[in-house]
Amino acid sequence: MVFADGTGVGAGREVATMRFASHVVRGRWFMFFASILIMAAAGGTYIFGIYSKAIKTSLGYDQQTLNTLSFFKDVGANVGILPGLINEVTPPWVVLVCGAGMNLVGYLMIYLSVTGRTARPPVWLMCVYIAIGANSQSFANTGALVTAVKNFPEDRGVVLGLLKGFVGLSGAIFTQLYRAIYGADNDGADLVLLMAWLPAAISLVFIPTIRIMPRARGTAAESRRERKAFFYFLYASIVLAFYLLVMNVVELEDRGFPKPAYYVTVIVLLLLIFFPLVIVVQQELRNYLQPPLPTTQSAPAVTTADDDDKTAAISTEPPSTSATCFQDVFRPPARGDDYTILQALFSVDMLVLFVATICGVGGTLTAIDNMGQIGQSLGYPQRSIATLVSLVSIWNYAGRVVAGFASEHVLSRYKVPRPLVLTVVLLVACAGHLLIALGVSNGLYPASVILGFCFGAQWPLLFAIISEVFGLKYYSTLYNFGAVASPVGSYILNVRIAGRKYDEEALRQGGRRGKDLTCVGVKCFQESFYIIAGVTLLGALVSLLLAWRTRNFYRGDLYGKFKEVGMATGPVDGEGRQEAANGAGAGTAKDPASSGSDDAVADDSKIGSSTK
């Protein structure tokens, strides 16, 4: 009898454990963790400097052709319209499957071409391969990141910052993995194979967990608890970044770093990457133990009335708006109100911001994409070049996080315009460009730190300025328009200037066209980066002009109207949508209130669609 009782107790505990494990895997926090892993593998475009040497050598490209390839990589990585449209009409798993397939096909074909396993493809076909592979990053962003924003709409800024930060770290993570698997002196060809299968595998493994799981709006205490949990994720990412930085320094100083030691570093790396699971379990345990929130009966009537008012208001607006659609293109509303797409595209503020982004992002991206050739021309070994690319990745992460938090702090406390912060970032970037142009001994290490930080810092500033100045109604379209500045700047500064100047110097040193043109010495990139430093300085002056134009706007209360809207709609947003906290699988009936709130969440979450 005792044996039977003990067996029953043990079986009950096992069932309870399995039920809780199922609750964790199906929860929002595990979905967020899965998004972190997908994002941490989605930054292959930032390590082009490692494997570019293998492409250039095996296919006999000159520098301008290689930079053309890099330009199409940037086009693929920054054009997120297609995955955004797919995500509007399909569940997230469709977007992730498409992205995984594109990633595998694009980078696998590059690997087969570089290693000679297929016939040498023409340049245009290689451009197609790398554009397809790089565009998978946009699919991962849209499928995972946008879904995470929908699941945590009240903390969308924190969610975006954390997930984009892990994209920045992905380059350093890939570097550590490839060193352990293939060795530190590998030319990077095998890295392309790793980039082909690993991100695709991670996306496919976590597809069942990436889905929209909105919940009812909780109490103020619950909101604070969730925000605190996000800070735990931030601290975990900082520890991971610091570890990667330390390992890069150690591996750089120790030329004879043994292969078994690389295995140990990768094990520690994986433990740090999966450590946020502890935070996930902790949060889901609290959700599992707390009782479901009681539903109110009066909300549906209130919601219906509100929806009727909104419908009546909307029905009366379109005639007058459509009649003056094109007439109002050059008569935009006040800054902060919702611009139409044409009003924003034809506004002076957007033009000024677009020019500053071309100068700033274009210059830093040129340095990052050419890091391998810059290091080779200055005599850095392949091991050091991989370290440089990894440093860029780590400080790319730091720039994204610091720029987001710091600009928000100085804006809220001191009313410092965000474009002024962008001006400071561009001025700092000039120092990194000059370090490369002057060829300072070992100057490429601080240059990679400066330029990686400045490259990462520009993105959250750019997208925040667009959302603040032009409103949120058409944010996803304007967001993508801002991202287009990156390949435009890359083409002008990378292909037309840096690539051409490099080839001219290589020919002057006795190289021949049609073969691997290799240039040696400071002069290979010196003139190019003097020009890029000047262009970046011009971008700083242009962004300073935008800061002056928007100074009065940023002195006001930017988010006052959003607070009013949140107070008016807050009690309704989450009505009827919370799952039972114990995960028992009780069904929920959909009523008019829940339907209206789903639409509200969908509208809110469009902010992140087609995210870069």
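The legends below describe an overview and several close-up views of a predicted model.

**Figure 1. Overview of the predicted model.** The protein contains 25 helices and zero strands. Of its 612 residues, 53% are buried. When contacts between residues at least 6 apart in sequence are considered, 84% of them join residues at least 24 apart. The exposed area is about 25700 Å², and carbon and sulfur atoms supply 67% of it.

**Figure 2. Confidence along the chain, with two stretches where pLDDT is below 50.** The mean pLDDT of the protein is 80, and 80% of its residues reach 70 or more. Over residues 295-324 the pLDDT is below 50, and this stretch has nine contacts in the model beyond near neighbours in sequence. The pLDDT is also below 50 over residues 562-612, where 83 contacts are found beyond near neighbours in sequence.

**Figure 3. A salt-bridge network formed by K73, D74 and D369.** Side chains of opposite charge can pair when their charged atoms come close. In the pair of D74 and K73, the closest N and O atoms are 2.7 Å apart. In the pair of D369 and K73, the corresponding distance is 3.2 Å. The latter pair links distant parts of the chain, with D369 in helix 16 (residues 348-369) and K73 in helix 4 (residues 63-78), 296 residues apart. Both D74 and K73 are buried. K73 counts as buried because its relative accessibility is 1%, and D369 counts as buried because its relative accessibility is 2%. By the rule applied here, the protein has a count of eight salt bridges.

**Figure 4. Surroundings of T45, in the loop between helix 2 (28-40) and helix 3 (48-59).** T45 has a relative accessibility of 4% and therefore counts as buried. The T45 side chain makes a polar contact with the side chain of Q137, at 2.8 Å. Leaving aside residues up to four places away in sequence, T45 touches K73, A77, Y107, A134, Q137 and D369. Two of these residues, K73 and D369, also form a salt bridge with each other.

**Figure 5. The salt bridge between E505 and R508 in helix 21 (residues 475-508).** The closest N and O atoms of the pair are 2.5 Å apart. E505 and R508 are three residues apart, about one turn of the helix. The two partners fall into separate accessibility classes: E505 is buried, because its relative accessible area is 11%, whereas R508 is exposed, because its relative accessible area is 61%.

**Figure 6. A nonpolar surface patch of about 410 Å².** The patch is made by L420, L427, L537, L541 and L544. Helix 19 (418-438) and helix 22 (523-549) are the elements that give two or more residues to the patch. Helix 22 supplies the largest share, three residues. L544 is found in helix 22. With a relative accessible area of 40%, L544 is partly exposed, and the patch takes residues with over 30%.

**Figure 7. E253 and S384, 9.7 Å apart in space from C-alpha to C-alpha.** The two residues are 131 residues apart in sequence. E253 is found in helix 10 (residues 220-253). E253 counts as exposed because its relative accessibility is 64%.

Technical notes: Residues numbered from 1 in each chain as written. Heavy atoms only, no water. Patch = residues over 30% accessible without salt bridge, like charges linked within 9 Å, V, L, I, M, F, W, Y side chains within 5 Å. Areas by Shrake-Rupley, 256 points an atom, 1.4 Å probe, with all protein chains shown as cover. Salt bridge = Lys/Arg side-chain N within 4 Å of Asp/Glu carboxyl O. Helix = DSSP H or I, 4+ residues; strand = E, 2+ residues; numbered from the N terminus. Buried < 20%, exposed > 50% of the residue type's maximum accessible area, 1.4 Å probe, protein only. Contact = heavy atoms within 4.5 Å. Polar contact = N/O pair within 3.5 Å; in protein donor to acceptor, adjacent residues only side chain to side chain. pLDDT = per-residue confidence, 0-100.
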